Amino acid sequence: MTPLNRQALRGLAPGSRPVVDPAELRPRVVHFGIGAFHRAHQAVYTENAAARSGEPWGIAAVAPRSAATVDALRAQDCLYSVTERHPEGGAPRVVGSLTGAYALGRDTAAVDALLADPETTVVTLTITEKGYHRSARTGGLDTVVPALETTVVGRLAAGLAARMRSGAAPISVVSCDNMADNGAVLGRVVRDVVRASGWPDRERVLELMDRCVAFPDTVVDRIVPATTAADVTATATALGVDDALPVSGEPYRQWVLEDRFAAPRPPWELDGALLVPDVAPYQLTKLRLLNGSHSALAFLGLAAGCATIADTMACDWGERLVRALCAEVAPTLPAGGPDPVRYADDLVARFGNTAMRHLLRQIASDGSLKITERWLPALRSLRESGVSTPVLELALAGWAHTTRPDAQGHGVTDPAREALAACWRTGAAPPDSVRALLTTVGAPDLADDTALTAAVARHLPALQAGHVDI
Ligand code: CS2
């Protein structure tokens with residue numbers, strides 16, 4: 001079959017073609033992290049914003065690790081397709097917003113040049129929680145990271161510093177990862193890199209960055225499972241050309257951005273993005289309700305022998321768990337965000353979409369970093385007010401269960417995997433293991449809560465037997 005590339009576009013059905021002419025776009029946005037999520041989210045918003053405004057907003061996409069993705073993208077002129085997965089089916093459409101693809105370790109000079117170019121006015125990132133190299137203890141940069149200069153945050157700091165030294169053209173740097181205060185977090189680690197750099201002019205660079213670089217907070221939302229071989233085959237059949245990098249996502253998508261940019265940006269609001277003075281109510285609702293229940297379904301579902309989110313929603317406890325977790329956590333949310341009950345209704349419908357095969361193993365990975373954003377702040381705030389937390393306790397037990405050395409067959413990866421497995425020392429009482437786990441993820445206060453660790457431990461035997469009791 002013909003491969004997907006610019007030449008092949010003419011042969012596609014009109015509804016499958018990009019809504020922009022890729023040849024007319026300019027690389028004004030640099031994006032780090034070319035995973036499925038970016039391709040189904042920011043790239044789609046940017047393409048629609050360019051099409052509706054007539055402005056040439058294109059994206060230079062940088063892969064932090066995978067040169068293979070970059071080569072595959074280049075082989076198809078940086079085109080790829082997105083399929084909206086409805087229960088009743090969905091057709092792929094080619095997205096044309098990428099103007100180039102680069103591998104961070106290999107195309108370093110090109111990436112530096114893009115960051116220095118005054119025509120680049122926005123940087124976006126989807127590098128997952130672990131890409132920020134934060135210390136669990138301080139929340140700032142973990143300065144013991146080896147070879148910081150080859151990490152995204154290291155390269156970004158070096159690129160921004162070079163930009164500050166050569167004219168300081170203003171720029172906005174937008175974290176699109178699932179963390180509270182993601183802009184502030186990114187700003188802090190980037191500044192920490194500059195501070196730790198040893199550059200003689202670091203104070204001057206920091207001063208200029210304060211004036212010329214904005215780090216707005218954002219909330220991104222779209223469920224985008226990892227692409228499978230079956231998706232590649234189905235896309236080729238539907239499109240009539242071979243796309244090596246198709247993505248598919250749920251129909252729903254949302255982007256809320258703090259309206260605090262230092263320089264021109266794509267008019268994403270033309271595609272439905274919300275620009276607001278404060279994203280916190282949206283951010284915390286999404287993190288604690290959507291991501292919080294996703295993680296709970298993932299860990300508990302793995303214990304119950306399920307493979308996907310839709311499988312968990314077909315269990316008698318799935319919907320109950322989502323609704324109960326949302327109800328438990330809702331009192332911790334700031335006013336001004338979406339209504340939690342309606343939000344829970346929507347989650348039940350989104351998670352129950354049987355056209356999506358969203359693997360629990362994917363969501364459960366990096367749990368040690370995810371639960372500190374999704375569960376622990378709410379748990380802390382509820383316990384401080386003396387409110388009981390039965391659902392979060394059950395969820396924590398699900399996570400604890402998957403960290404056991406004998407549960408590693410689930411294929412769940414985690415940067416702290418060894419340290420977590422070591423918490424299950426032979427002979428340790430289960431509450432002590434739970435205590436050690438909470439300490440390992442940087443929550444010594446919760447680890448000292450003996451009522452909490454005992455309650456979590458009480459769920460473990462049932463989970464061991466594959467039962468989720470809610
Ligand atoms: C998921 C998220 O993998 C995960 O941890 O919870 O990727 C989730 O699908 C997105 O945040 C939805 O917007």
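The legends below describe close-up views of a predicted model of one protein chain with a ligand.

**Conventions and confidence of the model.** Residue numbers start from 1 along each chain as its sequence is written. The model is predicted, so that local features need pLDDT of at least 70 and side-chain atom pairs count only at pLDDT 80 or more, while totals for chains, interfaces and linings use all residues. The protein chain has an average pLDDT (the predictor's confidence in each residue, from 0 to 100) of 96, and 99% of the residues score at least 70. The scores of the model are ipTM 0.99 and pTM 0.96.

**View 1. The two domains and their contact.** Domain 1 covers 7–276 and domain 2 covers 280–464, with bounds that come from an automatic or database domain assignment. A distance of 28 Å separates the C-alpha centres of domain 1 and domain 2. Their contact (C-beta atoms, placed from the backbone, within 7 Å) involves 20 residues from domain 1 and 23 residues from domain 2. On the side of domain 1 that touches domain 2 there are 10 nonpolar, 3 polar and 7 charged residues. Here Ala, Val, Leu, Ile, Met, Phe, Trp, Tyr, Cys and Pro count as nonpolar, Asp, Glu, Lys and Arg as charged, and the others, Gly among them, as polar.

**View 2. The shell around the ligand.** N178, D221, R222, I223, N291, H294, Q362, I363 and K370 surround the ligand, each with its C-beta atom, placed from the backbone, within 6 Å of it. Domain 1 and domain 2 each provide at least three residues of this shell. At least two residues come from each of α9 (280–303) and α13 (360–364); helices are DSSP runs (H or I, at least four residues), numbered from the N terminus. The shell comprises 2 nonpolar, 4 polar and 3 charged residues.

**View 3. The crossing of α5 and α6.** Helix α5 (residues 152–165) and helix α6 (residues 182–196) have axes that come within 9 Å and cross at roughly 70°. Axes are lines fitted to C-alpha atoms, for helices over the stretch in contact, and angles run from 0 to 180 degrees between N-to-C directions. The helices α5 and α6 are therefore roughly perpendicular to each other (65 to 115 degrees). V153, G154, L156, A157, L160 and A161 of α5 make the contact with V189, V190, V193 and V194 of α6. This contact contains 9 nonpolar residues, 1 polar and no charged.

**View 4. The crossing of α11 and α16.** The axes of helix α11 (residues 318–329) and helix α16 (residues 390–402) cross at roughly 120° and come within 8 Å. The two helices, α11 and α16, are therefore oblique to each other, a class for angles outside under 35 (roughly parallel), over 145 (roughly antiparallel) and 65 to 115 degrees. In the contact, A324, L325 and E328 of α11 meet V391, L392 and A395 of α16. The residues of this contact are 5 nonpolar, no polar and 1 charged.

Terms used: Two residues are in contact if their C-beta atoms, placed from the backbone, lie within 7 Å.
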